[in-house]
Amino acid sequence: MNDFFDLDAPLFRFLTRVADMVILSLLWLIGSLPLFTLGISSTALYYAVNKSLIENRGTVSEEFFRAYRRSFRQATLSFLALAVPESILLADCFMTHYLKGQQAATGNPWIIFTVLSTCGLAWMIYNAAYAARFDDPVKKTVLQSGAMALLHFDKSLLLLVVLAAFGLLTAFCPPLILLAPAGYALFARWVLEKKVFYQYLPDLDDGIDKENKDCSHQD
């Protein structure tokens with residue numbers, strides 16, 4: 001019985017992790033309310049998941065706001081650089097799909113716009129994680145994250161499929177929104193850190209540490 005109330009017991013550790021994921025998901029949702037901050041909120045979420053949930057350093061809120069302050073310019077400007085063309089592609093996608101339904105010849109390119117907007121979404125996922133992982137200028141952040149998304153197409157496809165699965169699960173069970181953002185960030189962290197980023201920086205220890213290391217990508 002005493003083990004049941006032990007703070008180091010597996011049950012309490014599990015409940016603590018779930019509570020941390022709920023807090024992070026709420027911070028991400030609130031931080032993304034002005035849509036232009038969606039990029040920095042996603043970067044801060046990725047950073048906090050790695051630092052707090054994986055490495056057990058600090059609290060989730062401390063790490064989230066630390067990344068929010070430190071990477072605000074890099075993550076926000078790089079996100080906007082991708083979000084503007086992505087918005088145009090999505091608008092073209094919906095418009096051409098509508099025209100195709102009306103049997104209009106101008107609706108035929110909708111498949112092209114769908115593919116391009118999907119690739120753009122993968123690029124944005126990489127961009128958010130890259131901004132958390134590397135201290136680089138905005139232009140380099142955009143270009144390097146795009147190159148990684150293209151070179152690691154299989155990982156990009158996996159990230160998109162799992163993102164769609166998370167979206168469908170949340171649509172069928174809305175309360176999952178309290179866990180889905182942090183849960184997806186955990187999955188993205190596993191894919192990107194273990195299978196992508198460390199092909200470029202194999203000499204660094206596991207994890208993100210912008211405070212004590214220069215994590216800029218060296219060509």
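Helices (H or I, at least four residues) and strands (E, at least two) are DSSP runs, numbered from the N terminus. Everything below belongs to a predicted model, in which local features need pLDDT of at least 70 and side-chain atom pairs count only at pLDDT 80 or more, while totals for chains, interfaces and linings use all residues. Residues are numbered from 1 along each chain as its sequence is written, and side-chain values use heavy atoms, leaving out hydrogens and water.

**View 1. The loop between H2 and H3, with Asn 56.**
Asn 56 sits in the loop that joins helix H2 (38–54) to helix H3 (60–70). Its phi is near 60°, a positive value in a residue other than glycine. With a relative accessible area of 54%, Asn 56 is exposed (buried means under 20% relative accessible area, exposed over 50%, partly exposed in between, with a 1.4 Å probe and protein chains only).

**View 2. The whole chain, for orientation.**
Welcome to the overview: the protein has eight helices and zero strands, and along the sequence the pattern reads α-α-α-α-α-α-α-α. Of its 219 residues, 44% are buried. Among contacts between residues at least 6 apart in sequence, 69% join residues at least 24 apart; contact means heavy atoms within 4.5 Å.

**View 3. How far to trust each part of the model.**
The mean pLDDT of the protein is 86, and 84% of the residues score at least 70 (pLDDT is the predictor's confidence in each residue, from 0 to 100). Among the elements, helix H4 (residues 72–101) has the lowest mean pLDDT, 89, and H7 has the highest, 96. Over residues 203–219 pLDDT stays under 50, and the model has 58 contacts beyond four places in sequence for this stretch. Where pLDDT is low, please do not read the predicted coordinates in detail.

**View 4. H5 crossing H7.**
Two packed helices are described by the angle and the distance between their axes. Helix H5 (residues 110–133) and helix H7 (residues 153–172) have axes that come within 10 Å and cross at roughly 95°. Here the axes are lines fitted to C-alpha atoms, for helices over the stretch in contact, and angles run from 0 to 180 degrees between N-to-C directions. H5 and H7 are therefore roughly perpendicular to each other (under 35 degrees is roughly parallel, over 145 roughly antiparallel, 65 to 115 roughly perpendicular and the rest oblique). On the H5 side you will find Thr 118, Leu 121, Ala 122, Ile 125 and Tyr 126, which meet Lys 155, Ser 156, Leu 159, Leu 160 and Leu 163 in H7. The residues of this contact divide into seven nonpolar, two polar and one charged; Ala, Val, Leu, Ile, Met, Phe, Trp, Tyr, Cys and Pro count as nonpolar, Asp, Glu, Lys and Arg as charged, and the others, Gly among them, as polar.

**View 5. Ser 156 in H7.**
Zooming in on that contact, Ser 156 lies in helix H7 and is buried, at a relative accessible area of 4%. What does the side chain of Ser 156 reach at 2.7 Å? The partner is the backbone oxygen of Ala 149. Not counting residues up to four places away in sequence, Ser 156 touches Ala 122, Tyr 126 and Ala 149.

**View 6. H7 beside H8.**
The axes of H7 and helix H8 (residues 180–195) come within 11 Å and cross at roughly 170°. That makes H7 roughly antiparallel to H8. From H7 the contact draws on residues including Lys 155, Leu 159, Phe 166 and Thr 170, and from H8 on residues including Ala 180, Tyr 184, Phe 187 and Lys 195. By class, the contact of H7 with H8 has 12 nonpolar, two polar and two charged residues.

**View 7. Two buried residues of H6.**
Val 138 belongs to helix H6 (residues 138–151), and at 18% relative accessibility it counts as buried. Val 138 and Gln 74 are 64 residues apart in sequence, yet their C-alpha atoms are 5.3 Å apart in space. Leaving aside neighbours within four places in sequence, Val 138 is in contact with Arg 73, Gln 74, Leu 77 and Ser 78. Ser 145 is also found in H6; this serine is buried at 1% relative accessibility. A polar atom of the Ser 145 side chain lies 3.1 Å from the backbone oxygen of Val 142. Beyond four places in sequence, Ser 145 touches Trp 123, Tyr 126, Asn 127, Tyr 130 and Lys 140.

**View 8. Ile 30 in H1.**
Ile 30 is part of helix H1 (residues 10–31). Is Ile 30 buried or exposed? At 57% relative accessibility, Ile 30 counts as exposed. Ser 41 is 11 residues from Ile 30 in sequence and 8.7 Å from it in space, C-alpha to C-alpha.

Technical notes: Polar contact = N/O pair within 3.5 Å; in protein donor to acceptor, adjacent residues only side chain to side chain.
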